[in-house]
Protein chains: 2
Amino acid sequence: MEASGGMAHTPTALPYFVALSQVLGLTVVAVTGAWLGLYRGGLAWEGALQFNVHPLCMVIGMIFLQGDALLVYRVFRNEAKRTTKILHGLLHVFALIIALVGLVAVFEYHKKMNYADLYSLHSWCGLLVFVLYFVQWLMGFSFFLFPGASFSLRNGYRPQHVFLGATLFLLSVGSALLGIEEALIFGLKSKYSEFQAEGVLANVLGLLLICFSAVVLYILTREAWGRPPRAEEQALSMDFKTLTEGDSPGSQ
Amino acid sequence: MEASGGMAHTPTALPYFVALSQVLGLTVVAVTGAWLGLYRGGLAWEGALQFNVHPLCMVIGMIFLQGDALLVYRVFRNEAKRTTKILHGLLHVFALIIALVGLVAVFEYHKKMNYADLYSLHSWCGLLVFVLYFVQWLMGFSFFLFPGASFSLRNGYRPQHVFLGATLFLLSVGSALLGIEEALIFGLKSKYSEFQAEGVLANVLGLLLICFSAVVLYILTREAWGRPPRAEEQALSMDFKTLTEGDSPGSQ
């Protein structure tokens, strides 16, 4: 049902879903900024406000940029594969650097305030995601951008890369939700249960995060919305299919 | 690459992943029980212990049974579709009923203790998931089990049903993580940061929940592991394809 072979074809509904994802993603970043600005005293690298750098950086890096990096192959579906690949890798690098700044902020803040590190479920999930995200980037770079890996190696690794990528994105959203809940309980204490404006705003931010990730996931999982292989890529993959026809599908 | 057309074929790695999912799922239920039994005084429908019915029921219903209901089409891949469908629907009904008991438990507990309802991000996410899960079940029943819906209607709705089903499963896991973090911060207070046994156990439970959902998601997303259509189903779907060949792939 899908047009294939390098034809410049874009499914009708795709641009609307991509637009929706970007509106949601930018809203998530804006609402995070509004929360920190209106109720948490804004941003600074010094003093207690250093903490606020953490949620903002994590949302920009691990949610918005990471989500957009996953969408690159859907959005730039008719560009050369190499260009798209480099953009995908670059967006993930930006996400990693911004998230690293966010991590440094929270560790420095904890040290300054003499708080314990890495005891909460939020911190366990968050650190797990960040480490795996870095490993995934290194593996992705070695397999897909570094010229060494063979065609068959790339094809075998690709489904694992895609699965881990989507999983890490979802786990990032989960960690963010945990962080919001933790910040609200610690910050508002018993006032959280009185439906004060900050609590409601940050809960809404949680729902917006869920909506953003759901739309990104929806775009990624529509089979017909995948990047169609260009004519020359298709010829290569045909050769590969002929060579490996004997492989068992479940043996990977 | 996949054997098709009613052949009784099971991909080599599938049973191992299914076994892993079941080990993880049962471990999650057992660790939840151990947490509530060892550190929270066990279960009862009366008094303060009524709260403990909530996490156990939600984990059994919305995590373990819901996850298993999603796997039914992969596990019973060579059974008649109707049998598999009924099992899928039944597991979801059990999940709904058990989750409903868990919800009643927490609302009754809140009433007894004079606590506010539905103010936290955990409660917002949890209630959203439960309501959508109920709607999804009703829609699924009307489209796929009730005899009225036409073949083309079912085929159009199926991808949406599958996407919403997977999303609700992941959101259930997210809500459970939020609930664990909330229970630990409220229950342990400043002791949470001292790495006490309860905190570590419940954090590990959180990681096990993530592992269970990741394995379920992995099984669901392997294309070659999908249920192969039987000969008679394939013939029907061929006719359908011929009839609808003109449809635009992006128009749904």
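# Reading a two-chain helical model

User: Where should I start with chain A, and how far apart in sequence are the residues that touch each other?

Analyst: Among the contacts in chain A with a separation of 6 or more, 76% join residues 24 or more positions apart. Keep in mind that this is a predicted model. Chain A has 7 helices and 0 strands, so to speak an α-α-α-α-α-α-α order from the N terminus on. Of its 252 residues, 34% count as buried.

User: How do I read the relation between chain A and chain B, and what rotation superposes them?

Analyst: The general idea is that two copies of a chain are related by a rotation about an axis and a shift along it. Here, chain A is superposed on chain B by a rotation of 180° with 0.0 Å of shift along the axis, at an RMSD of 0.0 Å. That is the relation of a two-fold axis.

User: Which surfaces do the copies use to meet?

Analyst: The copies meet through the same surface, because 100% of the interface residues of chain A are also interface residues in chain B. Chain A gives 42 residues to the contact and chain B gives 43 residues. On the side of chain A that touches chain B, α4 (121–145), α5 (151–188) and α6 (197–221) each supply at least two residues. The largest share of that side is the 11 residues from α5(A). Sorted by class, the side of chain A that touches chain B holds 25 nonpolar, 13 polar and 4 charged residues.

User: Let's turn to single helices. What span should α1 of chain B have, and what does it have?

Analyst: Helix α1 of chain B (residues 14–39) has 26 residues, which should span 38 Å at 1.5 Å a residue; its end C-alpha atoms are 37 Å apart, which agrees. Just after α1(B), Gly41(B) takes a positive phi of about 85°.

User: Which residues of α1(B) are buried, and what covers them?

Analyst: A general point helps here: an α-helix has 3.6 residues a turn, so residues three or four places apart point the same way. In α1(B), the buried residues are Ser21(B), Leu24(B), Gly25(B), Val28(B), Thr32(B), Trp35(B) and Leu36(B). Their cover includes α2 and α6 (197–221) of chain B.

User: And α2 of chain B: what is its span, and where is its kink centred?

Analyst: Helix α2 of chain B (residues 50–75) has 26 residues and reaches 36 Å from its first C-alpha to its last, close to the 38 Å expected at 1.5 Å a residue. A kink of about 30° in α2(B) is centred on Ala69(B). This helix is largely enclosed by the rest of the structure, because 23 of the 26 residues of α2(B) are buried.

User: Which residues touch the most other members of the largest nonpolar core?

Analyst: That core has 107 residues, and Ile63(A), Leu209(A), Ile63(B) and Leu209(B) touch the most other members. Leaving aside neighbours within four places in sequence, Leu209(A) is in contact with Val28(A), Ile63(A), Val173(A), Ala176(A) and Leu177(A).

User: One last residue: is His110(A) buried or partly exposed, and what does it touch?

Analyst: His110(A) lies in helix α3 (residues 81–113) of chain A. With 18 other C-beta atoms within 10 Å, His110(A) is partly exposed. Not counting residues up to four places away in sequence, His110(A) touches Tyr115(A) and Asp117(A). From C-alpha to C-alpha, His110(A) and Leu164(A) are 30 Å apart in space, and 54 residues apart in sequence.

Terms used
Residues numbered from 1 in each chain as written. Chains lettered and ligands numbered in written order. Predicted model: local features only at pLDDT ≥ 70, side-chain atom pairs only at ≥ 80, totals over all residues. Least-squares fit on C-alpha atoms with pLDDT ≥ 70 in both. Contact = placed C-beta atoms within 7 Å. Helix = DSSP H or I, 4+ residues; strand = E, 2+ residues; numbered from the N terminus. Nonpolar A, V, L, I, M, F, W, Y, C, P; charged D, E, K, R; others polar. Expected span 1.5 Å × (residues − 1). Bend = angle between axes of the 7 residues up to and from the residue. Buried ≥ 20, exposed ≤ 12 C-beta atoms within 10 Å, placed from the backbone. Core = buried A, V, L, I, M, F, W, Y, C linked by C-beta atoms within 7 Å.
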